[in-house]
Amino acid sequence: MIDFFASPSNRELVLAQLAEHLYLALLPLLLGVLLALPLGRLAQRVPWLRGPLQAAANIVYTIPSLALFVLIPGILGTPLLSSANVVIALTLYTAALLVRPVLDALESVPAHVVAAATAMGYRPGRRFLAVELPLAVPVLAASVRVASVSNISLVSVGALVGIGGLGRLFTDGFQRDYPVQIVVGIVLTLLLALVVDLLLVVLWRWATPWARRA
C-alpha cells in the first residue's frame, strides 16, 4: 500500500474517487432525510396511511441497488453513466429506510410537551419544527447513522455500471489483477464510513445538548 500511495497519479486518483464517493453518499442522505420527514409526519397525522406508506417503503428498499441504477435511466431518461442515477436511487433507499424511524421518533415525543406547546400558541407547523422535531432527534439519530453507512456501502455498487466513487478501485483493481488497489478501496470505504458515523454522532450531540446533559 505504501508503494501504491507513493505514486502521485495514484494519490490523485484516490482523492478524486474519495471526493466523488462522499458526494454520492452524503447528498442522497440529506435528500432522503428531507423526504422521509414529511412522509413520517404524514403517517403520524393520518393513521390509515401508515400501513401503505410502510409497505411502499419496504418494497422500494427490497429492490436490488444495481437493478435500480439501471432502471432509473429508462424511467427518467437520464444518461446511463450519470451520477444522478446513483443520487436518485440512494435518496429513495434512504427515505424508505427512514420513514418508520421518523414516525417512531415523532411518537416518542411526550404528549404533555406537545400539549404545552399547543397551549402556548404554537401552530402545527411551528410546533413540529421548534418542539417535536428537536425532541425526536435522539431517537432518529441512530437510524440516520445506519442510513449513512448503508449509502457509503451502496455507492460502491455504482462502479459496476461505470459510475465513480471508491468502487472504481475495486473494479479497476480486479480488471488489472492488482490486489493492492482493491485493498486500498476496501480500507478507504471502511474508514470513510467510520469517519462519517463519528461526525454524525458529534453533530447529534451538538444539536441536542439537553440529551447530553441527561
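**Close-up 1. Tyr 61, a partly exposed residue in helix α3.** In this predicted model, Tyr 61 has a relative accessibility of 35%, so it counts as partly exposed: that value falls between the 20% cut-off for buried and the 50% cut-off for exposed. You'll find Tyr 61 in helix α3, which covers residues 50-62. Who does Tyr 61 touch, leaving aside its neighbours within four places in sequence? Its contacts are Tyr 93, Ala 96, Leu 97 and Ser 150. With Ser 150 there's a polar contact, side chain to side chain, at 3.4 Å. For a sense of scale, try hopping from Tyr 61 to Gly 167: their C-alpha atoms are separated by 21 Å, and the two residues sit 106 places apart along the chain.

**Close-up 2. The aromatic pair.** Search the whole structure and you get one aromatic pair. The partners are Tyr 61 and Tyr 93, arranged edge-to-face, with 5.6 Å from centre to centre and 85° between the planes. The edge-to-face label fits because the angle between the planes is 85°, and anything over 60 degrees counts that way. This pair ties together distant parts of the chain, since Tyr 61 belongs to helix α3 while Tyr 93 belongs to helix α5 (residues 83-107), 32 residues away. Is Tyr 93 buried or exposed? At 4% relative accessibility, Tyr 93 counts as buried, because the limit for that is under 20%.

**Close-up 3. The largest pocket and its lining.** How much space lies in the largest pocket? About 410 Å³. The lining is made of 15 residues, and the closest to the pocket's centre are Val 33, Val 137, Leu 140, Val 144 and Leu 203. Three helices each chip in at least two lining residues: α2 (8-45), α7 (124-155) and α9 (179-207). Which helix gives the most? That's α7, with six residues. Sort the lining by class and you count 14 nonpolar residues, one charged and no polar ones.

**Close-up 4. Helix α8 and what covers it.** Helix α8 runs over residues 167-175, and its buried residues are Gly 167, Leu 169, Thr 171 and Gly 173. Gly 167 is the residue you hopped to from Tyr 61 in the opening view. What covers the buried residues of α8? The cover includes α2 and α9, two helices you've already met in the lining of the largest pocket. After α8 comes Asp 177, and its phi is positive, near 55°.

Notes:
Residues are numbered from 1 along each chain as its sequence is written. This is a predicted model: local features need pLDDT of at least 70, side-chain atom pairs count only at pLDDT 80 or more; totals for chains, interfaces and linings use all residues. Side-chain values use heavy atoms; hydrogens and water are left out. Helices (H or I, at least four residues) and strands (E, at least two) are DSSP runs, numbered from the N terminus. Buried means under 20% relative accessible area, exposed over 50%, partly exposed in between (1.4 Å probe, protein chains only). Contact means heavy atoms within 4.5 Å. A polar contact is a pair of N or O atoms within 3.5 Å; within protein, one must be able to donate a hydrogen and the other to accept it, and residues adjacent in sequence count only if both atoms are side-chain atoms. On a 1 Å grid over the protein atoms alone, a cavity is a set of points where a 1.4 Å probe fits but cannot get out, and a pocket is an open set with protein on both sides within 12 Å along at least five of seven lines; lining residues have an atom within 4 Å of a point. Grid points are joined across faces, edges and corners, and a volume is the space filled by probe spheres set on the points. Ala, Val, Leu, Ile, Met, Phe, Trp, Tyr, Cys and Pro count as nonpolar, Asp, Glu, Lys and Arg as charged, and the others, Gly among them, as polar. Rings of Phe, Tyr and Trp (its six-membered ring) pair if their centres lie within 6.5 Å; planes under 30 degrees apart count as stacked, over 60 as edge-to-face and the rest as tilted.
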